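Reader: I'd like to go through this model and ask how each label is earned. Start wherever you like.

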Amino acid sequence: MTMKTLKNLIALLILLLINITFETKAQTERWQQAIKYDIDVKMDVQNNQYQGTQIIEYTNNSPDTLHRVFFHLYYNAFQPNSMMDVRSRTIADPDKRVGDRISKLRSDEIGYLRVNSLALDGITLDFEQVGTILEVNLHEPILPHATVIFHSEFEGQVPLQVRRSGRDSKEGIRYSMSQWYPKMANYDEQGWHAQPYIGREFYGVWGDFNVKITIDKSYVLGGTGYLQNPNEIGHGYQEEGVKVNSPEGKELTWHFYAPKVHDFMWAADPNYTHDKIPMENGITIHHLYVKNSETESNWEKLKEYTPRAIQYMSERFGQYPYKQFSVIQGGDGGMEYPMSTLITGHRPLNSLVGVMVHELAHSWFHGVLATNEGLYPWMDEGFATFATNLTMAEIFNRSESSESPHAGTYVSYFRLAKSGLEEPLATPSDHFHTNTAYGAAAYSKGAVFLVQLGYIIGEENRDKGMLRYWNTWQYRHPNPNDFIRIMEQESGLELDWYKEYWMYSTKSIDYGVKSVEEGSNGTTQIILERIGLMPMPIDLVITYKDGNKEMVYLPLVMQRGEKPLEDGLPNRTITQRWPWTNPTKEIILEKPKNSIQSIEIDPSGRMADINMENNKIEF
Ligand SMILES: [Zn+2]
């Protein structure tokens, strides 16, 4: 070896080392853009139009120079022939709430959001409005690590409520104000995400919102953010014992501040009843609803469930991080926003609690972890569904019930898998061919992903992994790979195969007990077969006529290890790896066939086997 080759070798080694260090860093220290919004808006409740100014402080924490920026102008979706309108009318199974309603909106019923002026550091910018996106070319690029100030003036008209946001909902709520301001699109390690608004799912930049809303004095407001001037406002927001000192004039300015959120929603109605429910740990819950015979009794009862749900989810998934959560009657079903939710209010108690719990669960997965829902809706909707199932079982004291809290979710996934409509879970949310395929994939198949993960790595590992996920990835927009890496680290198992099959393919699971034969010398030969195209580890439980049980555990070779013993499962007597390439697997039991009562694949039912009929043989 010459001196030169040695030097080259050393240089290569150093490079490799640097690379490794960078890669580890990249995984744990992913950069995030940062934003501060200062919004001042005045609402005219006669014509449902508003005018605002917006000052944005934007910090480019990326290593890239930005030559363009993008803003979402969601309300432009509510106009005849918008992308959302055309899509809603032409999709095979339209959302009943939308259908052709957008195409029929009159000029005073459409929504719009227009930016009238935009400047960067005082210099006026040119921009082009393309549907729901404002495309802005910058004269001077934003350099890496630079902070710039955007100043804009905008005006909007609140659409008659069609989907999520809007005025005069079916239940008569005046304003459900979500997606209402020019919202900066997010730029992350995968580039810009200037998704046009077609109907579903959101993504945003982490930041602080300082929002002043001036509106007719008769209105009561709620939403994202802590009210900064409660003693001027009253309506139950004022501090205890304080006499409300409302300024003169017909209008009031509500000043909200919301730190560390990626969106800001508000709602307003003159008839809202405001219930304030303090929790012991300093969180205040706000309920806002219009009291009538359909709401009165159930919203009163809801006061017991919201704090219990926050408490339980904080224990399971990480401490709820804000000081406030507001459940507000509005919208058209249930929709999550930071620190708050809009839900319809005319519901039986079980449904009212169910929708509150589901939207609250989003506080973890949409609000604080905040994966890009446009790309990975299942990491939000699916995980929220999983959390909803567990929380509902807990707060309605169903945890002792023999039925799994996820039973309905599995039924929905099985229906999808057999429907012929299934598309890969990795499909971007707006691009699923049908609403049915989107819903069942994002909500049900996404939730099954987590329940089944508990089967693969053990529930204790999964549950610890969920907390580790929260601690590691909060406020950082994790992607599927980040999630599965956490679960690999927690369990010590290799799990990429599970994520890849579940997310990118529509292959399904079907294992069966193929045969059970008398072996030589009083043994029994069992043959299992893999019929479905997706491989899985197998828990096989043998029940003997004397009542004893044993478990044969067949981990996949490629998972490179075993899950720990789990509570509630019989003693593991045999562990044999099963290579996925082998369609069948032979197991020899050291007991005669006539001593066996039954042989069953995964009695826990957590493995999403689409044909359970061949899973059990009884003698
Ligand atoms: Zn949801």
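Reader: How do the residues lining the second largest cavity divide by class?

Author: They come out as three nonpolar, five polar and two charged. Ala, Val, Leu, Ile, Met, Phe, Trp, Tyr, Cys and Pro count as nonpolar, Asp, Glu, Lys and Arg as charged, and the others, Gly among them, as polar. Tyr 203, Tyr 376 and Pro 478 are in this lining, so they go under nonpolar. Asp 188 and Glu 189 line the cavity too, so they go under charged.

A word on the ground rules: this is a predicted model, where local features need pLDDT of at least 70 and side-chain atom pairs pLDDT 80 or more, while totals for chains, interfaces and linings use all residues. Residues are numbered from 1 along each chain as its sequence is written, and side-chain values use heavy atoms, with hydrogens and water left out.

Reader: What makes a space a cavity rather than a pocket?

Author: On a 1 Å grid over the protein atoms alone, a cavity is where a 1.4 Å probe fits but cannot get out, whereas a pocket is an open set with protein on both sides within 12 Å along at least five of seven lines; lining residues have an atom within 4 Å of a point. This structure has two cavities of 30 Å³ or more. The largest cavity holds about 60 Å³, and the second largest about 40 Å³. Volume here is the space filled by probe spheres set on grid points, joined across faces, edges and corners. Among the residues lining the largest cavity are His 72, Arg 200 and Asp 430.

Reader: And which residues are closest to the centre of the largest pocket?

Author: That pocket has about 1,200 Å³ of space. It is lined by 37 residues, and Ser 404, Pro 405, His 406, Glu 459 and Arg 606 are the closest to its centre. Helix 6 gives the largest share of the lining, seven residues. The second largest pocket has about 580 Å³, and there helix 8 leads with four residues.

Reader: How do you know that helix 8 spans what it should?

Author: Helices are DSSP runs of H or I with at least four residues (strands are E, at least two), numbered from the N terminus. The expected span is 1.5 Å times one less than the number of residues. For the 23 residues of helix 8 (435–457) that gives 33 Å, and the end C-alpha atoms are 32 Å apart, so the two agree. Helix 8 still has a kink of about 35°, centred on Ala 441. That bend is the angle between axes fitted to the seven residues ending there and the seven starting there.

Reader: Why is helix 8 called largely enclosed?

Author: Because 20 of its 23 residues are buried. Buried means under 20% relative accessible area (1.4 Å probe, protein chains only), exposed means over 50%, and partly exposed is in between.

Reader: What makes a residue a donor of the zinc ion?

Author: The N, O or S atom must lie within 2.8 Å of the metal (3.2 Å for Na, K and Ca), and sites may look incomplete as water is not among the atoms. His 358 (NE2), His 362 (NE2) and Glu 381 (OE) lie 1.9 to 2.1 Å from the zinc ion, so they meet that cut-off. His 362 sits in helix 5 (349–369) and Glu 381 in helix 6 (377–395), so the pair ties together parts 19 residues apart in sequence. Both His 362 and Glu 381 are buried.
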